[in-house]
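Q: Got a minute to go through this one with me? I'd like to start with the helix packing.

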Amino acid sequence: MVHYDICDMPLFRGGDREAIRKIFEESPGRYSTYGKGDIIAMQGYACRSLFLLCNGSVYAKMVSEEGKEFTLDTLSAPDVLASSFIFSSEGIFPVTILASTDCSIWVVGKESIRRIIETDKTVLHNYLTVISDHSMFLSRRLNEFALQTLSSRIVSYIEHNGPLDNLQEAAFILGVARPSLSRAVSQLVSQGTLTKSGEGYVLA
């Protein structure tokens with residue numbers, strides 16, 4: 001039995017709880033659990049549901065035809081997955097979503113979400129805020145990867161995530177080879193931009 005009130009998710013906060021529950025009683029969706037490393041959704045597959053991340057964290061990655069991987073985003077509960085995809089004209093996942101920890105997800109059908117946002121202005125406002133926040137994040141990521149040098153991306157990474165203590169993980173997130181990241185970090189240390197502490201590399 002699931003002991004999680006879906007109305008407590010940020011997406012539905014402030015909405016009409018009785019009306020929301022009624023819609024979910026008519027079309028409850030499903031509650032799924034995943035282990036670390038499990039694939040939750042696959043790039044290119046149909047997207048017909050909204051994924052509500054109730055516990056744990058996930059990351060989204062893109063894979064090119066040549067097999068090059070790029071980590072686009074990392075999300076932690078409570079959050080909404082696929083908010084920008086479910087109503088798109090293509091109706092597919094442009095990314096692969098994987099569990100970075102053990103996590104649980106409430107999968108809600110597209111029509112249930114449509115009914116709720118059409119009848120509840122508060123949830124509609126929340127939904128638009130979620131989409132806008134995710135879009136702003138993606139804009140910043142695009143700026144990092146299209147306009148910034150690797151050194152600038154490393155500094156930005158530390159500013160947003162704290163000490164850089166795992167080069168392999170950071171290389172994966174930044175979408176670069178570990179040797180390239182190591183060289184850039186060494187250069188930043190020699191320039192006096194970074195320094196090594198007990199917690200990892202930090203801004204000097």
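A: Sure. Keep in mind that this is a predicted model. Helix α4 (residues 150–161) packs with helix α6 (residues 178–190) at an angle of about 80°, and their axes are 10 Å apart.

Q: So is α4 roughly parallel or roughly perpendicular to α6?
A: Roughly perpendicular, because that class covers angles from 65 to 115 degrees.

Q: Which residues make the contact?
A: From α4, they are Leu150, Ser151 and Ile154. α6 brings in Ser180, Leu181, Ala184, Val185 and Leu188.

Q: And by class, what does the contact of α4 with α6 have?
A: Six nonpolar residues and two polar ones, with no charged residues.

Q: OK, switching to the strands. What's the order in the open sheet of four?
A: The order is β2-β7-β4-β5, and the pairing is antiparallel. β2 (39–41) and β5 (69–76) are the edge strands, each pairing on one side only. On average, neighbouring strands in this sheet are turned by 30° against each other, direction ignored.

Q: How many bridges join β2 to β7?
A: Two, with β7 covering residues 96–99. Ile39 has Leu98 of β7 as its bridge partner.

Q: What about Lys61, buried or exposed?
A: Buried: its relative accessibility is 13%, and the cut-off is under 20%. Lys61 is in strand β4 (residues 57–63).

Q: What is Lys61 in contact with, leaving aside neighbours within four places in sequence?
A: Its contacts include Gln43, Glu69, Phe70, Val95, Leu98 and Phe172.

Definitions and conventions:
Residues numbered from 1 in each chain as written. Predicted model: local features only at pLDDT ≥ 70, side-chain atom pairs only at ≥ 80, totals over all residues. Heavy atoms only, no water. Axes fitted to C-alpha atoms, helices over the stretch in contact; angles between N-to-C directions. Parallel < 35°, antiparallel > 145°, perpendicular 65-115°, else oblique. Contact = heavy atoms within 4.5 Å. Nonpolar A, V, L, I, M, F, W, Y, C, P; charged D, E, K, R; others polar. Buried < 20%, exposed > 50% of the residue type's maximum accessible area, 1.4 Å probe, protein only. Pairing = 2+ DSSP bridges.
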